[in-house]
Amino acid sequence: RADIATGDAGSCSVVPETSCETPEVVPDSQPESFGFTFLGRRIDLDQVGLPLFTLAMGLLDGFNPCSMWVLLLMLSMLAPMQQRMRMLAVAGTFVVVEGIAYFAFMAAWLNLFLLIGWSRGSQWAIAAIAIVAGAIHLKDFWAFGRGFSLSIPASAKPGIYARMRAILQADNLFGAIVGAVVLAVLVQVVEFMCTSGFPALYTRILTLRQLQGVEYYGYLLLYNAAYMLDDVIVLAVGVWTLSQRRLREREGRWLKLLSGLVMVGLGLYLLV
């Protein structure tokens, strides 16, 4: 029905009938929810927020047997010199450069995903990488040293030992620091496969949140700060106590079990 309104000039206009019903609102699509279980507690992205989720992922990634092995080996070789300041300068430089290299590595993953955009195919690919990498870590827990492993290969270890000896035999502190910088970059290249699972997973999840450009790198910095926390703690304890302790096989296996379970869990989550 339409009401007829009469104007001053005798003309009429049609006034459409209005309805009191509330128009249907189509909800905006929300980003997917991601989460994982750590020590029996569910850590869900939507519940804890992206900052806490980032810290949790970075801390889990930090329990990396590859980089931990190199750092503890360096500290154990520097400790007999009984020079805490030299030990701190050399091993501290190694940790800082390792963190910078890891940030660049994650930035490369991030820009790759920003370039290709969202696609179900890319999500499946990252899920597959995470599941395969996690499964290999789980295999190492039960069959350590047998078959293919995402660890520093035995062929690369003589070169790492040789560079560490060069650091110890350096004539001055500057030469030792330069050697630590070279070693940190070399280690990141060698352990590429050992560390690829978590950065790929996290940066894929991060791009799905559709943030601003500077926010992406802020979260990468937060992730790397959490990632380096365990190395900083190990460095501080090693320098203070002049510890000659090295990473044992049993400890490395448990670290692989932890990272393997989380990677497989997140990979399956992305897959389904």
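**Stop 1: helices 5 and 6**

Select helix 5 and helix 6 in this predicted model; their crossing is left-handed. Helix 6 spans residues 173-190, and helix 5 runs over 157-168. Their axes come within 9 Å and cross at roughly 165°. Angles over 145 degrees count as roughly antiparallel, so helix 5 is roughly antiparallel to helix 6.

Now show the side chains of the contact. From helix 5, pick Ile160, Arg163, Met164 and Ile167. From helix 6, pick Ala176, Gly179, Ala180, Val182, Leu183, Leu186 and Val187. By class, nine of these contact residues are nonpolar, one is polar and one is charged.

**Stop 2: a cavity**

Keep Met164 and Ile167 of helix 5 on screen. Both also line the second largest cavity. Add Met74, Met77, Leu78 and Leu168 to complete the lining. Helix 2 and helix 5 are the elements that give two or more residues to this lining. What classes does the lining hold? Six residues are nonpolar, with no polar and no charged ones. The volume of this cavity is about 40 Å³. The model has two cavities of 30 Å³ or more.

**Stop 3: helices 2 and 3**

Stay with Met74 and Leu78 from the cavity lining. They belong to helix 2 and also take part in the contact with helix 3. Select residues 65-78 for helix 2 and 84-116 for helix 3. The two pack at an angle of about 165°, with their axes 10 Å apart. Helix 2 and helix 3 are therefore roughly antiparallel to each other. Their crossing is right-handed.

On the helix 2 side, the contact also includes Ser67, Val70, Leu71 and Leu75. Facing them on helix 3 are Met87, Val90, Ala91, Phe94, Val95 and Glu98. The contact of helix 2 with helix 3 divides into 10 nonpolar residues, one polar and one charged.

**Stop 4: helices 3 and 8**

Move along helix 3 and add helix 8, residues 197-207. Parallel, antiparallel or oblique? The axes come within 9 Å and cross at roughly 45°. That makes helix 3 oblique to helix 8. The crossing is right-handed.

Show Tyr102, Phe105, Met106, Trp109, Leu110, Phe113 and Leu114 on helix 3. Across from them, show Pro199, Ala200, Tyr202, Thr203, Arg204, Leu206 and Thr207 on helix 8. Color this contact by class: 11 residues are nonpolar, two are polar and one is charged.

Note on methods. Residues numbered from 1 in each chain as written. Predicted model: local features only at pLDDT ≥ 70, side-chain atom pairs only at ≥ 80, totals over all residues. Heavy atoms only, no water. Axes fitted to C-alpha atoms, helices over the stretch in contact; angles between N-to-C directions. Helix = DSSP H or I, 4+ residues; strand = E, 2+ residues; numbered from the N terminus. Parallel < 35°, antiparallel > 145°, perpendicular 65-115°, else oblique. Left-handed = near helix turned anticlockwise from the far one by under 90°. Contact = heavy atoms within 4.5 Å. Nonpolar A, V, L, I, M, F, W, Y, C, P; charged D, E, K, R; others polar. 1 Å grid on protein atoms, 1.4 Å probe; cavity = no way out; pocket = protein on both sides within 12 Å on 5 of 7 lines; lining within 4 Å. Points joined across faces, edges and corners; volume = space filled by probe spheres on them.
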